[in-house]
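This report introduces one structure to a reader who has not met it before. Please look over the sequence and the model before reading on.

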Amino acid sequence: MATVDGSYDVTVKSPMGDQKANLTVQSDGSAFTGNFAGGMGTSDVTGTVDGDTLKWKMDITVPMPMTLDCEATVAGDSIDGTVGAGAFGAFPMTGTRTA
């Protein structure tokens, strides 16, 4: 298993309150596939892996249609990053590997 692979319980601190979700990651060299599932829906995600850093984009429809720019770094069983929501700014994302 690559150091970034696994399932993470994450929380995004947004103006709408804490958004809890589960992020799964399965890497293959410099790319990964996975899933981001939470109270605002479920999205299949694909992105890049650079060392312990993941980058991906995610389309959402709730509370309004937009593309989120996500970046997170894995350190041990912790994940820390940001979720960028265009003109709304970037919001911190933290979490813990659960599997």
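Is Lys13 buried, partly exposed or exposed? Lys13 is partly exposed, with a relative accessible area of 44%, in what is a predicted model.

## The barrel

Eight strands close into a barrel in the order β1-β2-β3-β4-β5-β6-β7-β8, and their pairing is antiparallel. On average, neighbouring strands of this sheet are turned by 25° against each other, direction ignored.

Strand β4, which covers residues 41-50, pairs with strand β5, residues 53-60, in the antiparallel sense and over four bridges. Within this part of the barrel, Gly47 has Trp56 in β5 as its bridge partner.

## Three salt bridges

Side chains of opposite charge can pair when their charged atoms come close. The structure holds three salt bridges, and in one of them the side chains of Lys13 and Asp18 meet at 3.2 Å, N to O. Asp18, like its partner, is partly exposed, with a relative accessible area of 42%.

A salt bridge also joins Lys57 to Asp69, whose closest N and O atoms are 2.3 Å apart. This pair links distant parts of the chain, since Lys57 lies in strand β5 and Asp69 in strand β6 (residues 66-75), 12 residues apart. Lys57 is exposed at a relative accessible area of 54%, whereas Asp69 is partly exposed at 36%.

Asp77 and Arg97 form a salt bridge as well, with the closest N and O atoms 2.9 Å apart. Here, too, distant parts of the chain are linked, with Arg97 in strand β8 (residues 90-97) and the two positions 20 residues apart in numbering. Asp77 is partly exposed, with a relative accessible area of 46%, but Arg97 counts as buried at 14% relative accessibility.

Terms used
Residues numbered from 1 in each chain as written. Predicted model: local features only at pLDDT ≥ 70, side-chain atom pairs only at ≥ 80, totals over all residues. Heavy atoms only, no water. Pairing = 2+ DSSP bridges. Axes fitted to C-alpha atoms, helices over the stretch in contact; angles between N-to-C directions. Salt bridge = Lys/Arg side-chain N within 4 Å of Asp/Glu carboxyl O. Buried < 20%, exposed > 50% of the residue type's maximum accessible area, 1.4 Å probe, protein only.
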